[in-house]
Amino acid sequence: MSGDPFARAEPLTLMAEPRAEGEPEMATREGVPARLADGGRRGTVAAANTAASALTHGRPSSATPPAVTLEGVRVSFGDHVAVRNVTLAIPARQVTALIGPSGCGKTTLLRAVNRLHDHTAGHVDGSIKLGDIDVYGPDTRPELIRRRIGMVFQRPNPFPAMSVFENVVSGLRFNGVHGRALLRDAAESALRHAALWDTVKDRLHQPAVRLSGGQQQRLCIARALAVEPDVLLMDEPCSALDPIATAKIEDLITRLAADVTIVLVTHNMFQAARVSDQAAVFLLGEDRVGELVESGATDELFNEPKNPRTRDYVAGRVG
Ligand SMILES: Nc1ncnc2c1ncn2[C@@H]1O[C@H](COP(=O)(O)OP(=O)(O)OP(=O)(O)O)[C@@H](O)[C@H]1O
Ligand SMILES: [Mg+2]
């Protein structure tokens, strides 16, 4: 196939939804206003394209307020407490790895950050803030939070009935963006940013499920990036991938962090060491409840852990 890869994209007209009355202006990065609310499309993704190889460029100084702040967070399912005592500042535009053995509440905590427990029996106590916004505030709309905090799951989950293109722009459409050129530009930008454009530019209108597993995961990352989130939550995004696909995702994570705050759950401590700036170790207490044991700069946490439980875990003696 040749020519305009978007040739079969539906003709569309409108742009973004206006910000609802009373809806809080969302956190911004370095004065860049919230983008979707005003129809802007040249924020995160395009900017990060130009910052592609930067490991440290654009990284915030230590004075930059955290992107996400958790204080005394506890998530329970009925009588069962899954995770407790989580007080953690997630630095903006860095990679924070959450590590710990199976069942210690990493996924549960991640889901609490963008209110996915609104649809489960999970109950969240404590405080979670996105910038200054109380994620569970009475006036905070969950869809607004999910627009600003994207998520990538363990197994690639493209919408099976949709094409590559429709997958990427689905979040934008959901948020009221319908301009054909806008969607086309956004799709290309997100796919380039997810290092997938060259692979799919001639098959944008084929079913997404025809892509390989690694390509599907990068498509899911592109889909999450298309709405230009401030934060990307990634729950073991490489666990279903081979080493080559894993290396591509790790490279992507490193580059994305120039512009997006990333929280990465991983079982792979080598992966955490390779890609994360900060790490937080979760372990099960004697009562089998997950808890945050220690957090800090990844190098220090792995090389000079302060807590003996962390030392045992990173040394492979427990977990
Ligand atoms: N929807 C749910 N309903 C009831 N209990 C749940 C639910 N989701 C998670 N849990 C429980 O919460 C605890 C933590 O589970 P979670 O999936 O967060 O662990 P995890 O650290 O992500 O584990 P893994 O590394 O295996 O993915 C477990 O005891 C699990 O059974
Ligand atoms: Mg999990």
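# Reading a predicted model, feature by feature

Q: Let me start with one residue: does arginine 288 count as buried or exposed, and why?

A: Arginine 288 counts as exposed, because it has 11 C-beta neighbours inside 10 Å. The cut-off that decides this is 12 or fewer for exposed, and 20 or more for buried. Please keep in mind as we go that this is a predicted model.

Q: Where does arginine 288 lie?

A: Arginine 288 sits in the loop between β9 (278-284) and β10 (290-297). There is something to look for in its backbone, too: the phi of arginine 288 is near 70°, a positive value in a residue other than glycine.

Q: Which value does phi take at asparagine 85?

A: Asparagine 85 has a phi near 55°, again positive in a residue other than glycine. Its place is in strand β2. Asparagine 85 counts as partly exposed, because it has 16 C-beta neighbours inside 10 Å.

Q: Now the helices. How do I compare the length of α5 with what is expected?

A: The idea is to set the distance between the two end C-alpha atoms against a rise of 1.5 Å a residue. For the 14 residues of α5 the expected span is 20 Å, and the end C-alpha atoms are indeed 20 Å apart, so the two agree. Helix α7, residues 213-226, gives a similar reading: it has 14 residues and reaches 20 Å from first C-alpha to last, close to the 20 Å expected.

Q: Which residues of α5 are buried?

A: A general point helps here: an α-helix has 3.6 residues a turn, so residues three or four places apart point the same way. In α5, the buried residues are Leu183, Ala186, Ala187, Ser189, Ala190, Leu191 and His193.

Q: How many residues of α7 are buried?

A: In α7, 13 of the 14 residues are buried, which leaves this helix mostly covered.

Q: What comes just after α5?

A: Just after α5, alanine 195 takes a positive phi of about 55°. Helix α7 is followed by glutamate 228, whose phi is positive too, near 55°.

Q: How is a pair of packed helices described?

A: Two numbers do the work: the angle between the axes and the distance between the axes. Take helix α5, residues 180-193, with α7: they pack at an angle of about 130°, and their axes are 8 Å apart. That angle makes α5 oblique to α7. The crossing in which α5 passes α7 is right-handed.

Q: At what angle do α4 and α7 cross?

A: Helix α4, residues 164-174, crosses α7 at roughly 30°, and the axes come within 7 Å. Angles under 35 degrees count as roughly parallel, and α4 and α7 are therefore roughly parallel to each other. Their crossing is right-handed.

Q: How far apart are the axes of α4 and α5?

A: The axes of α4 and α5 are 9 Å apart, and the two helices pack at about 110°. That makes α4 roughly perpendicular to α5. This crossing is right-handed.

Q: Let us turn to residues far apart along the chain. How far apart in space are valine 231 and methionine 151?

A: Here you set separation in sequence beside separation in space. Valine 231 and methionine 151 are 80 residues apart in sequence, yet 8.5 Å apart in space, C-alpha to C-alpha. Valine 231 is found in strand β7, residues 231-235, and it is buried because 24 other C-beta atoms lie within 10 Å.

Q: Which residue has its C-alpha atom 5.8 Å from that of glutamate 294?

A: It is alanine 280, which is 14 residues away along the chain. Glutamate 294 is found in strand β10 and is buried, with 20 other C-beta atoms within 10 Å.

Q: Is alanine 121 buried or exposed?

A: Alanine 121 is exposed, with 9 other C-beta atoms within 10 Å. Its place is in the loop between α2 and β4 (122-130). Alanine 121 and glycine 78 are 43 residues apart in sequence and 7.2 Å apart in space, C-alpha to C-alpha.

Q: Finally, how many residues surround ligand 1?

A: There are 13 residues around ligand 1, and the closest are Phe77, Ala82, Ser102, Thr107 and Thr108. The elements giving two or more residues to this shell are β2 (80-90) and α2 (106-113). The largest share, three residues, comes from α2. By class, the shell has four nonpolar, eight polar and one charged residues.

Key: Residues are numbered from 1 along each chain as its sequence is written. Chains are lettered from A and ligands numbered from 1 in the order in which they are written. This is a predicted model: local features need pLDDT of at least 70, side-chain atom pairs count only at pLDDT 80 or more; totals for chains, interfaces and linings use all residues. A residue is near a molecule or strand if its C-beta atom, placed from the backbone, lies within 6 Å of it. Helices (H or I, at least four residues) and strands (E, at least two) are DSSP runs, numbered from the N terminus. Ala, Val, Leu, Ile, Met, Phe, Trp, Tyr, Cys and Pro count as nonpolar, Asp, Glu, Lys and Arg as charged, and the others, Gly among them, as polar. The expected span of a helix is 1.5 Å times one less than its number of residues. Axes are lines fitted to C-alpha atoms, for helices over the stretch in contact, and angles run from 0 to 180 degrees between N-to-C directions. Angles under 35 degrees count as roughly parallel, over 145 as roughly antiparallel, 65 to 115 as roughly perpendicular and the rest as oblique. A crossing is left-handed if the near helix is turned anticlockwise from the far one by less than a right angle, and right-handed if clockwise.
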